[in-house]
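Student: May I request a close look at one part of this structure, with each term explained as it arises?

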Amino acid sequence: MRRFRSLASVVALALGLTACSAAPLPDTSASAGNGPLVAFYGDSYTLGTGASDPSLRWSTIISEERGWREFNPSVNGLGFVNHRENFGEDDLPALVIEQKPDIVFVTMGLNDTFSYDRRADLIRDTISGDLTRIREALPSARIVVVEPFWYTEQRPASLEQIIVWVESAAAEIGADWIPGASRWLDGHHAGSEDSWMASDGLHPSNVGYAHMAEQMDAALKRLDPAL
């Protein structure tokens, strides 16, 4: 069996993923154009942290390829429960709902693995609550829920449980489900001979985001109907 990291190293990684988000300021502008408005509710992996330019993040790549207007207020370190207190009433679901988008992507869960031991019940309830809230407020929007991304070879049990909860909540609201996203960087994590990670070892590089965009593009084409 593989050995998981020590508690100290897990805490250090958690701080590394969330330290830059002590006072998150989401981008509340949408890209220009006449295409469908697509909102992204996500963390640093959807914000594009680690890319040399926001235009190279996966969300912008797939949006530009499809002629979508991108609204991406994603925030470093954000989870279904992690750092939610920093927003007050204007949390990301509220910002997404306010835009009345045609399509909503939910790409959350990675950062919640770091608080799972203390707040598992809250994480489960908030996953369901967020997705239900978005569906009820945007009954005609197409909602695409993506399996939480992941960034190391080690996969804690908390990640596997959160994936189950997110998939279940997506099914409950009739959302599209993108499986397998936690594996999209497998074999290319920090320290590998062919790493797709940025210099911080925590986030994808330009190459990593390009591969994530390829994976997402293929997954969206497999949906019924395809996106």
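Tutor: In helix 5, Tyr-116, Ala-120, Ile-123, Arg-124, Ile-127, Ser-128 and Leu-131 meet Ser-158, Gln-161, Ile-162, Trp-165, Val-166, Ala-169, Ala-170 and Glu-172 of helix 6 (contact means heavy atoms within 4.5 Å; helices are DSSP runs of H or I with at least four residues, and strands are runs of E with at least two, numbered from the N terminus). The residues of this contact comprise 10 nonpolar, three polar and two charged ones. The model is predicted, with local features requiring pLDDT of at least 70 and side-chain atom pairs pLDDT 80 or more, while totals for chains, interfaces and linings use all residues. Residues are numbered from 1 along each chain, and side-chain values use heavy atoms, leaving out hydrogens and water.

Helix 5 covers residues 116-137 and helix 6 residues 157-172; their axes lie 8 Å apart and form an angle of about 20° (axes are lines fitted to C-alpha atoms over the stretch in contact, and angles run from 0 to 180 degrees between N-to-C directions). Helix 5 is therefore roughly parallel to helix 6 (an angle under 35 degrees).

Helix 6 also leads to the largest nonpolar core, to which it gives the largest share, seven residues. This core has 65 residues, of which Trp-58, Phe-105, Val-106, Phe-149 and Met-216 touch the most other members (such a core joins buried residues, under 20% relative accessible area with a 1.4 Å probe and protein chains only, through side-chain atoms within 4.5 Å). Leaving aside residues up to four places away in sequence, Phe-105 touches residues including Trp-58, Val-144 and Met-216.

Definitions and conventions:
Angles under 35 degrees count as roughly parallel, over 145 as roughly antiparallel, 65 to 115 as roughly perpendicular and the rest as oblique. Ala, Val, Leu, Ile, Met, Phe, Trp, Tyr, Cys and Pro count as nonpolar, Asp, Glu, Lys and Arg as charged, and the others, Gly among them, as polar. Buried means under 20% relative accessible area, exposed over 50%, partly exposed in between (1.4 Å probe, protein chains only).
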